[in-house]
Amino acid sequence: RLLKPGGVLTYSVCTFGDTEGRHVIERAVDQHNVEWVEPPGPPWNVRNGMAVLLPGDADGMMLAQLRKRD
């Protein structure tokens with residue numbers, strides 16, 4: 001409710017687990033008026049609608065972006 005219509009929220013965690021990653025994003029989409037935004041490109045790898053940095057590239061992390069619907 002703090003995100004204005006059209007505003008983008010970036011959610012990022014330093015894990016690849018579904019509990020802190022995909023499940024949180026899916027719950028946000030189900031419970032709030034938001035949609036997934038196309039993830040950023042390189043150096044990120046895109047997997048299942050989320051951008052990830054794999055171990056070796058960095059410590060490893062994933063991010064997803066959500067846009068508030070109008």
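**Stop 1: Lys68**

Start by selecting Lys68 and Leu3. A polar atom of the Lys68 side chain sits 3.4 Å from the backbone oxygen of Leu3. Keep in mind that this is a predicted model.

Now colour by secondary structure. Lys68 belongs to strand 5. Is Lys68 buried or exposed? Lys68 is buried, and it has no salt bridge. Show the side chain of Asp70 as well. Asp70 is the nearest side chain of opposite charge, and it is 9.1 Å away.

Next, show what surrounds Lys68. Setting aside residues within four places in sequence, Lys68 contacts Arg1, Leu3, Lys4, Pro5, Gly6 and Gly7. Asn33 and Val34 are also among the contacts of Lys68.

**Stop 2: the whole chain**

Zoom out to the full cartoon. You should find one helix and five strands. Trace the sequence from its start, and the order is β-α-β-β-β-β. The radius of gyration is 12 Å, close to the 11 Å that the globule rule gives for 70 residues, so the chain is as compact as a globular protein of that length.

Turn the model to view it along its principal axes. The C-alpha atoms fill a box of roughly 40 × 25 × 20 Å. Of the 70 residues in the chain, 27% are buried. Now think about contacts. Among those with a separation of 6 or more, 61% join residues 24 or more positions apart.

**Stop 3: the largest nonpolar core**

Select Val13, Ile25, Ala28, Val34, Met50, Val52, Met62, Ala64 and Leu66, and show them as spheres. These nine residues form the largest nonpolar core. Which elements give two or more residues to this core? They are helix 1 (22-31), strand 4 (50-53) and strand 5 (61-68). Strand 5 has the largest share, with three residues.

Stay in the core and centre on Ala64. Beyond four places in sequence, Ala64 touches Leu9, Thr10, Tyr11, Ile25 and Met50. Of these, Ile25 and Met50 are listed in the core.

**Stop 4: Met61 and Leu53**

Move along strand 5 to Met61. Met61 is partly exposed, because its relative accessibility is 26%. Show its contacts, again leaving out residues up to four places away. Met61 touches Ser12, Val13, Cys14, Thr15 and Phe16. The contacts of Met61 also include Trp44, Ala51, Val52 and Leu53.

Draw a distance from the C-alpha atom of Met61 to that of Val34. The two atoms are 22 Å apart, and the residues are 27 positions apart along the chain.

From Met61, step across to its contact Leu53. Leu53 lies in strand 4. What is the relative accessibility of Leu53? The value is 12%, so Leu53 counts as buried. Add Pro42 to the selection. The C-alpha atoms of Leu53 and Pro42 are separated by 9.6 Å, with their positions 11 residues apart along the chain.

**Stop 5: the salt bridges**

Hide the core and show the charged side chains. How many salt bridges does the count come to? There are three salt bridges.

Begin with Glu26 and Arg22. Their side chains form a salt bridge, with N to O at 3.1 Å. Both residues are in helix 1, four residues apart, about one turn of the helix. Glu26 is partly exposed, at 32% relative accessible area. Arg22 is partly exposed too, at 24% relative accessibility.

Go next to Glu35 and Arg67. Their closest N and O atoms are 3.8 Å apart, in a salt bridge. This pair links distant parts of the chain: Glu35 is in strand 2 (residues 34-37), Arg67 is in strand 5, and 32 residues separate them. Glu35 is partly exposed, with a relative accessible area of 29%. For Arg67, the relative accessibility is 32%, so Arg67 is also partly exposed.

Keep Glu35 selected and add Arg69. The Glu35 and Arg69 side chains meet in a salt bridge, at 3.8 Å from N to O. Glu35 lies in strand 2 and Arg69 in the segment after strand 5, so this pair ties together parts 34 residues apart in sequence. Arg69 has 34% relative accessibility and counts as partly exposed.

Finish with Glu35, Arg67 and Arg69 on screen together. These residues are linked in a network of salt bridges.

Conventions:
Residues are numbered from 1 along each chain as its sequence is written. This is a predicted model: local features need pLDDT of at least 70, side-chain atom pairs count only at pLDDT 80 or more; totals for chains, interfaces and linings use all residues. Side-chain values use heavy atoms; hydrogens and water are left out. A nonpolar core is a set of buried Ala, Val, Leu, Ile, Met, Phe, Trp, Tyr and Cys residues joined through side-chain atoms within 4.5 Å. Buried means under 20% relative accessible area, exposed over 50%, partly exposed in between (1.4 Å probe, protein chains only). Contact means heavy atoms within 4.5 Å. Lys and Arg count as positive and Asp and Glu as negative; His and the chain ends are not counted. A salt bridge is a side-chain nitrogen of Lys or Arg within 4 Å of a carboxyl oxygen of Asp or Glu. A polar contact is a pair of N or O atoms within 3.5 Å; within protein, one must be able to donate a hydrogen and the other to accept it, and residues adjacent in sequence count only if both atoms are side-chain atoms. The radius of gyration is taken over C-alpha atoms; the globule rule is 2.2 Å times the number of residues to the power 0.38.
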